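The following exercises concern a ligand site and one loop residue. Each task is followed by a worked solution.

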Amino acid sequence: MVTQSKPCRIGVMGGTFDPIHYGHLVTAEVVRGEFDIDLVLFVPSGVPPHKDPRQVSSKEHRYLMTVFATLTNPFFEVSRVDIDREGETYTIDTLRDLRKLYGDEAELFFITGADAIAEIMDWKNAAELVKLAEFVAATRPGYQFDRKLQEWFEQHGKKLHLLQVPAMAISSTDIRRRVQAQKSIRYFVPEAVEHYIRKNSLYLEHHTHSTADNNEISS
Ligand code: ATP
Ligand code: MG
């Protein structure tokens, strides 16, 4: 396994992963290649602070789907640091825990989508956070970043790394809605994740807006 010789360059992909999808996986793989990363850790959140807990699947469901989705990539692993920590999940705690686990010599690359990074200035302990890792934001081709965000990184002596990634339009919200509306999610998520969703009847009761009169049958 990759972790036997201590990895030096570690990608960290945090998320709710409800469910994990090919947008997350493609992004992690592209960043891995571009930044010469030894290991990408997927870190499913415990309790996401900005989401209604009743509308988020259980930690163990999200953890297992992430494990199944990453199984075939030897450079991908799943970390339980956020799942096993009490209380709401904040990225500052994720990065502090990973730093403890992997040591000071490890370089951490926190991977986010453009939507998530746009709010980093408001994240808990933002000034410390930005020093703990390099930040890599995946954007859609043509996406225009707010200058203010880049300036904020520069004020902290850092650079925000931007990377264009295909498959950006996929979202977990859309997948949950599709399941509820009995639409196919084939090719949105790895097959094992789709089987897991069906087997555990996930997303059928979600409080998302379903298109009730759409009768497309799931694959
Ligand atoms: P939801 O719709 O429930 O918010 P999501 O698809 O945004 O789910 P999250 O688990 O919230 O997935 O996202 C985890 C991380 O992955 C965030 O940094 C987010 O910006 C990023 N991300 C989400 N979708 C994509 C995508 N299609 N391509 C690249 N990054 C993505
Ligand atoms: Mg999201």
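**Exercise 1.** In which pocket does ligand 1 sit?

*Solution.* This is a predicted model, in which local features need pLDDT of at least 70, side-chain atom pairs count only at pLDDT 80 or more, and totals for chains, interfaces and linings use all residues. Residues are numbered from 1 along each chain as its sequence is written, chains are lettered from A and ligands numbered from 1 in the order in which they are written, and side-chain values use heavy atoms, leaving out hydrogens and water.

Ligand 1 occupies the largest pocket. To sit there, a molecule must have more than half of its atoms within 2 Å of the pocket's grid points; a pocket is an open set of points on a 1 Å grid over the protein atoms alone, where a 1.4 Å probe fits, with protein on both sides within 12 Å along at least five of seven lines.

**Exercise 2.** Identify the polar partners of ligand 1.

*Solution.* First, a polar backbone atom of Thr16 is 2.9 Å from a ligand 1 oxygen. Next, a side-chain N or O atom of His21 is 2.9 Å from an oxygen atom of ligand 1. Finally, a backbone N or O atom of Ser172 lies 2.8 Å from a ligand 1 oxygen.

**Exercise 3.** Is Ser57 buried or exposed?

*Solution.* Ser57 belongs to the loop between strand S2 (39-44) and helix H2 (59-70). Its relative accessibility is 11%, so Ser57 counts as buried (under 20% relative accessible area, 1.4 Å probe, protein chains only). The C-alpha atoms of Ser57 and Asn125 are separated by 27 Å.

Note on methods
A polar contact is a pair of N or O atoms within 3.5 Å; within protein, one must be able to donate a hydrogen and the other to accept it, and residues adjacent in sequence count only if both atoms are side-chain atoms. On a 1 Å grid over the protein atoms alone, a cavity is a set of points where a 1.4 Å probe fits but cannot get out, and a pocket is an open set with protein on both sides within 12 Å along at least five of seven lines; lining residues have an atom within 4 Å of a point. Helices (H or I, at least four residues) and strands (E, at least two) are DSSP runs, numbered from the N terminus. Buried means under 20% relative accessible area, exposed over 50%, partly exposed in between (1.4 Å probe, protein chains only).
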